[in-house]
Amino acid sequence: MVILAFDNIAKTYGDNPALRGVSFDVHAGEIFGLLGPNGAGKSTLIRILMDIIRADSGEVRVFGPELARYSPTRRLML
């Protein structure tokens, strides 16, 4: 079962590409980490996952459906 999926994520800041075509899946039971040098796009990818910023293109799925912008009428159940 795929828990987290990034499909062809791209993000630029002005003329500077932060992410280009990032795609990967995290399956149930896997331990996953993001490693890379400064400027590799790790924080940008996490901010896209957390819906702090929007990707220019691509799709993020958590437990199946694509992430949607927060709606004040929708509440997160913990």
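Visitor: Let me start at the beginning of the chain: in which strand does valine 2 lie?

Guide: Valine 2 belongs to strand 1, which covers residues 2–13. Please keep in mind as we go that this is a predicted model.

Visitor: Is valine 2 buried, exposed or partly exposed, and which residues does valine 2 contact beyond its sequence neighbours?

Guide: Its relative accessible area is 33%, and values from 20% to 50% count as partly exposed. Setting aside neighbours within four places in sequence, valine 2 is in contact with Asp25, Val26, His27 and Phe63. Sequence distance and spatial distance can also be read side by side here: valine 2 and alanine 28 are 26 residues apart in sequence, with 6.2 Å between their C-alpha atoms.

Visitor: Now the sheet. What is the order of its strands, and is the pairing parallel or antiparallel?

Guide: The general idea is that strands of a sheet pair through backbone hydrogen bonds, in either a parallel or an antiparallel way. In this model, three strands form an open sheet with the order 2-1-3 and antiparallel pairing. Strand 2 (16–27) and strand 3 (57–62) are the edge strands, each pairing on one side only. On average, neighbouring strands of the sheet are turned by 15° against each other, direction ignored.

Visitor: How many bridges join strand 1 to strand 2, and how many join strand 1 to strand 3?

Guide: Strand 1 and strand 2 run antiparallel and are joined by eight bridges. Looking along that pairing, threonine 12 has proline 17 of strand 2 as its bridge partner, and isoleucine 9 stands opposite valine 22. Strand 1 and strand 3 are paired over five bridges, again in the antiparallel sense. There, alanine 5 has arginine 61 of strand 3 as its bridge partner.

Visitor: Which residue takes a positive phi in the hairpin of strand 1 and strand 2?

Guide: That is glycine 14, with a phi near 65°, in a hairpin that has two residues between the strands. You can find another positive phi just after helix 1, where aspartate 51 takes a value of about 65°.

Visitor: Since you mention helix 1, where does it lie, and which of its residues are buried?

Guide: Helix 1 (residues 42–49) lies across strand 1, strand 2 and strand 3, and runs at about 120° to strand 1. Its buried residues are Thr44, Leu45 and Ile48. Viewed down the helix axis, these buried residues fall within an arc of 100°, so they line one face of the helix. They pack against strand 1, strand 2 and strand 3.

Visitor: Last topic, the aromatic rings. How many aromatic pairs are there, and what is the geometry of phenylalanine 6 and phenylalanine 24?

Guide: The count is two aromatic pairs. For phenylalanine 6 and phenylalanine 24, the ring centres are 4.9 Å apart and the planes stand at 40°; planes from 30 to 60 degrees apart count as tilted, so this pair is tilted. Phenylalanine 6 is in strand 1 and phenylalanine 24 in strand 2, so the pair ties together parts that are 18 residues apart in sequence. Phenylalanine 24 also forms a stacked pair with phenylalanine 32, at 4.9 Å centre to centre and 20° between the planes.

Visitor: Are phenylalanine 6 and phenylalanine 32 buried or partly exposed?

Guide: Phenylalanine 6 has a relative accessible area of 3%, so it falls under the 20% cut-off and is buried. Phenylalanine 32, with 42%, is partly exposed. Together, Phe6, Phe24 and Phe32 form one aromatic cluster.

Key
Residues are numbered from 1 along each chain as its sequence is written. This is a predicted model: local features need pLDDT of at least 70, side-chain atom pairs count only at pLDDT 80 or more; totals for chains, interfaces and linings use all residues. Side-chain values use heavy atoms; hydrogens and water are left out. Helices (H or I, at least four residues) and strands (E, at least two) are DSSP runs, numbered from the N terminus. Buried means under 20% relative accessible area, exposed over 50%, partly exposed in between (1.4 Å probe, protein chains only). Contact means heavy atoms within 4.5 Å. Two strands pair if DSSP finds at least two bridges between them. Axes are lines fitted to C-alpha atoms, for helices over the stretch in contact, and angles run from 0 to 180 degrees between N-to-C directions. The arc is that of the directions from the helix axis to the C-beta atoms. Rings of Phe, Tyr and Trp (its six-membered ring) pair if their centres lie within 6.5 Å; planes under 30 degrees apart count as stacked, over 60 as edge-to-face and the rest as tilted.
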